[in-house]
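Here are a few notes to help you find your way around this one. Please keep the 3D view open as you read.

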Amino acid sequence: MRMIGRPGRNGMNSRSGSQAGAGDLLELVRSGRAVTRGALQQATGLSRATVGQRLDRLFRAGWLREGAGGPVDSPLGGRPSITLEFDGDHAVVLVADLDTRHARAAVLSLTGEILAEHSGTLVIGEGPDLVLAELGRWFGELLEKAGQRPAEVCGIGLAVPGPVDSATGRVVQPPMMPGWDGYDITGRLSRALTEHTGAPPVPVLVDNDANLMAYGEQRAGHPDCAAFVLVKVSTGIGAGVVVDGSIYRGIDGGAGDIGHIRVGADALCRCGSYGCLAAVASGGAVARRLAASGVPAASGSDVRDLLAAGHPEAAALAREAGRRVGDVLATVVTLLNPGVLMIAGDLAGTPFLTGVRELLYQRALPRSTAHLDVVTSRLGERAALIGAGALVVEHLYAPERVEERLRALGV
Ligand SMILES: [Zn+2]
């Protein structure tokens, strides 16, 4: 049996060549593994005529186009063949990244290009109804700014700072999102978009912000890394794990929630427990300690500003926080043996990284760190947006969903 699924996906889309459908061909083109008719024949075992019929449907849907690069040599010999590519401009994705007091939203092309972007104050504690209604308004303005019609929107991706049950898109007992527990985020956000733009309902995917940052960063900068870990240290602490190209969420969406591992201190955490890692080593915790010694700071982003200005006390506290996090990461790294450990968020600067390295290399087994790169973010504040956009596109254009969507388009 020839496997044509993307490596790392479960077996759902690994089929024998004779059964490859339009979705499988699209997947081969999108992944770059077969970009000519000849290569598609070879990869699937389908006849030239069948490949042609299936490609015609994808062309009629506007999902595929001829590549700009000109003809290339065919693996089957003969005349050079036209290359095919995914048409990333036939629809757009709306994405947003909610932080505790601030949000960022954008219109993305299907290949992740930012067409319009907005960031501003949006207080998550005001509750889901108000926050999601406001996001709907932002989306309407962004579509206008990008010159895109509401009907072009194929889906919405939302990053939130809490644990998400990805099957329902609902957050589960989120310490930093009062009033959001179990709320129907996908329904409300889809409705908010319709209210503000008249757009028909679209699929909404919700995921944890660290998961989406990890997904975006791994795809953008470390596509060959089969075990990738990102730790976000801002007002809270969370981690995202990408294994074989897919987000690893665990059984209940709780994987990576390292901020609430007890580290034995007696500080009270926002989750209501004492001694959590986030209570002593997050941006919020550093801000509280700075404020207690008379330095004005209330959040992770205030600490970020102080670190950027070279404030010595902020730097010392960030390094100490890095050591606390590094101690926990020694366990994470020993368990997962990642190739890349990315430190992101408000505290991700030299002092914090120095602290992480001090404890990580001291406590982890040498074998689990021998090939480990500890790095900082490449996409910066846009990582979760890019990850959210990619998640929506991978969901909508997955082989198992393509047939149904093509039929709905009447092709
Ligand atoms: Zn906690």
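The points below take up one sheet and the helices around it.

1. A word before we start: this is a predicted model, so please read each point with that in mind.

2. Let's begin with the sheet. It is open and has 5 strands, arranged in the order S12-S11-S10-S13-S14 with mixed pairing. At the edges you will find S12 (246-247) and S14 (373-376), each of which pairs on one side only.

3. Next, look at S10 (residues 227-233) and S13 (residues 340-344). These two strands run parallel and are joined by 5 bridges. To find your place there, go to Lys232, which stands opposite Ala344 in S13.

4. Two helices can be viewed against this sheet. Helix H6 (residues 209-221) packs on it and touches S10, S11 (237-243), S12 and S13, with a direction about 45° from that of S11. Helix H10 lies across S10, S11 and S13, and runs at about 160° to S10.

5. H10 (residues 312-336) also packs with H8 (residues 283-292): their axes are 10 Å apart and the angle is about 140°. Why call the pair oblique rather than antiparallel? Only angles over 145 degrees count as roughly antiparallel, so H8 and H10 are oblique to each other. The crossing of H8 past H10 is right-handed.

6. Which residues make that contact? H8 contributes Ala285, Val286, Arg289 and Leu290, while H10 brings Glu313, Ala314, Leu317, Ala318 and Ala321. By type, the contact of H8 with H10 has 7 nonpolar residues, 2 charged ones and no polar ones.

Terms used. Residues are numbered from 1 along each chain as its sequence is written. This is a predicted model: local features need pLDDT of at least 70, side-chain atom pairs count only at pLDDT 80 or more; totals for chains, interfaces and linings use all residues. Axes are lines fitted to C-alpha atoms, for helices over the stretch in contact, and angles run from 0 to 180 degrees between N-to-C directions. Helices (H or I, at least four residues) and strands (E, at least two) are DSSP runs, numbered from the N terminus. Angles under 35 degrees count as roughly parallel, over 145 as roughly antiparallel, 65 to 115 as roughly perpendicular and the rest as oblique. A crossing is left-handed if the near helix is turned anticlockwise from the far one by less than a right angle, and right-handed if clockwise. Two residues are in contact if their C-beta atoms, placed from the backbone, lie within 7 Å. Ala, Val, Leu, Ile, Met, Phe, Trp, Tyr, Cys and Pro count as nonpolar, Asp, Glu, Lys and Arg as charged, and the others, Gly among them, as polar. Two strands pair if DSSP finds at least two bridges between them.
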